[in-house]
Amino acid sequence: MTPMRTADAATLGDAEWVDVPSPAESFGQYLNRHRELRGMNASELSRTTRISSASIEAIECDRFDELPGEVFVRGFLKAYAQAIGLLPAEVLARYTSSRRVVFVTPLPMQTPLQAARDEHGRRFGVAIAFVLLLILLSLALSIALRPRGRDMPSVLSQSSPAGALDSRMKTV
């Protein structure tokens, strides 16, 4: 590391060092490296910040899901940064950028063939519904208009079929 004055420098004693993290260094490793540069072990940091050793280990191992919640994580990181001499705003900015995950949700696209197939399927469904409605309507009409016993002609409903034959035979 080369001594230089920059806005992205961590102050260590009288000299300021440029903080250039390696591309493979995670956020937790970055904090761990700065803690070790200060000569602090995890238990000293735990006593200074009043953050549990398990939480400090989770932060340095990038296991933020094991911590109580985002508000607590940010508070822990501010206290951690102040205890090892880093700017809390810089540490929080690095944390935010390290946790940022881009999710791309593709929009549903339809080809003309799929659109035509869907339209054809919709038309077919409407046709089936119309036919079923006609069948139900005709069934309801047939039930409503069916002749009942009281709707029969009075001559047929009063006499029995055998009696009707006898009366016709007498008149002949």
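**Figure 1. Surroundings of L45 in helix α2 of the predicted model.** L45 lies in helix α2, which spans residues 42–49. The residue counts as buried because its relative accessibility is 0%, where the cut-off for burial is under 20%. Leaving aside residues up to four places away in sequence, L45 touches R35, M40, R50, I56, Y80, A83 and I84. One of these partners, I84, is separated from L45 by 39 residues in sequence, while the C-alpha atoms of L45 and I84 are 8.2 Å apart in space. Several of the partners reappear in the views of helix packing below.

**Figure 2. Packing of helix α1 on helix α4.** The view shows helix α1 (residues 27–37) with helix α4 (residues 70–84), whose axes come within 10 Å and cross at roughly 30 degrees. That angle makes α1 roughly parallel to α4, since angles under 35 degrees fall into this class. The crossing of the two helices is left-handed. From α1, the residues F27, L31, N32, H34 and R35 take part in the contact; from α4, they are met by L77, Y80 and I84. By residue class, this contact between α1 and α4 comprises five nonpolar residues, two polar residues and one charged residue. R35, Y80 and I84, which belong to the contact of α1 with α4, are also among the residues touched by L45.

**Figure 3. Packing of helix α3 on helix α4.** The axes of α3 and α4 are 11 Å apart, and the helices pack at an angle of about 90 degrees. α3 is therefore roughly perpendicular to α4, a description that covers angles from 65 to 115 degrees. S55, I56, I59 and E60 form the α3 side of the contact, and F76, L77 and Y80 form the α4 side. The residues of this contact between α3 and α4 divide into five nonpolar, one polar and one charged. L77 and Y80 of α4 meet residues of α3 here and also meet residues of α1. I56 and Y80, which take part in the contact of α3 with α4, are in addition touched by L45.

**Figure 4. The backbone at R50, in the loop between α2 and α3.** R50 is placed in the loop that joins α2 to α3 (53–60). Its phi angle is near 60 degrees, a positive value in a residue other than glycine. With a relative accessible area of 77%, R50 is exposed, because the class begins over 50%. R50 is also one of the residues touched by L45, a residue that is itself buried.

**Figure 5. The backbone at D62, in the loop between α3 and α4.** D62 has a positive phi of about 60 degrees although it is not a glycine. The residue is located in the loop between α3 and α4. D62 is partly exposed, at a relative accessible area of 28%.

**Figure 6. The whole protein as context for the close-up views.** The protein has eight helices and two strands, which follow the pattern β-β-α-α-α-α-α-α-α-α along the sequence. Of its 172 residues, 21% are buried. Among contacts between residues at least 6 apart in sequence, 50% join residues at least 24 apart. The accessible surface comes to about 12900 Å², and 63% of this area belongs to carbon and sulfur atoms.

Notes: Residues numbered from 1 in each chain as written. Predicted model: local features only at pLDDT ≥ 70, side-chain atom pairs only at ≥ 80, totals over all residues. Heavy atoms only, no water. Helix = DSSP H or I, 4+ residues; strand = E, 2+ residues; numbered from the N terminus. Buried < 20%, exposed > 50% of the residue type's maximum accessible area, 1.4 Å probe, protein only. Contact = heavy atoms within 4.5 Å. Areas by Shrake-Rupley, 256 points an atom, 1.4 Å probe, with all protein chains shown as cover. Axes fitted to C-alpha atoms, helices over the stretch in contact; angles between N-to-C directions. Parallel < 35°, antiparallel > 145°, perpendicular 65-115°, else oblique. Left-handed = near helix turned anticlockwise from the far one by under 90°. Nonpolar A, V, L, I, M, F, W, Y, C, P; charged D, E, K, R; others polar.
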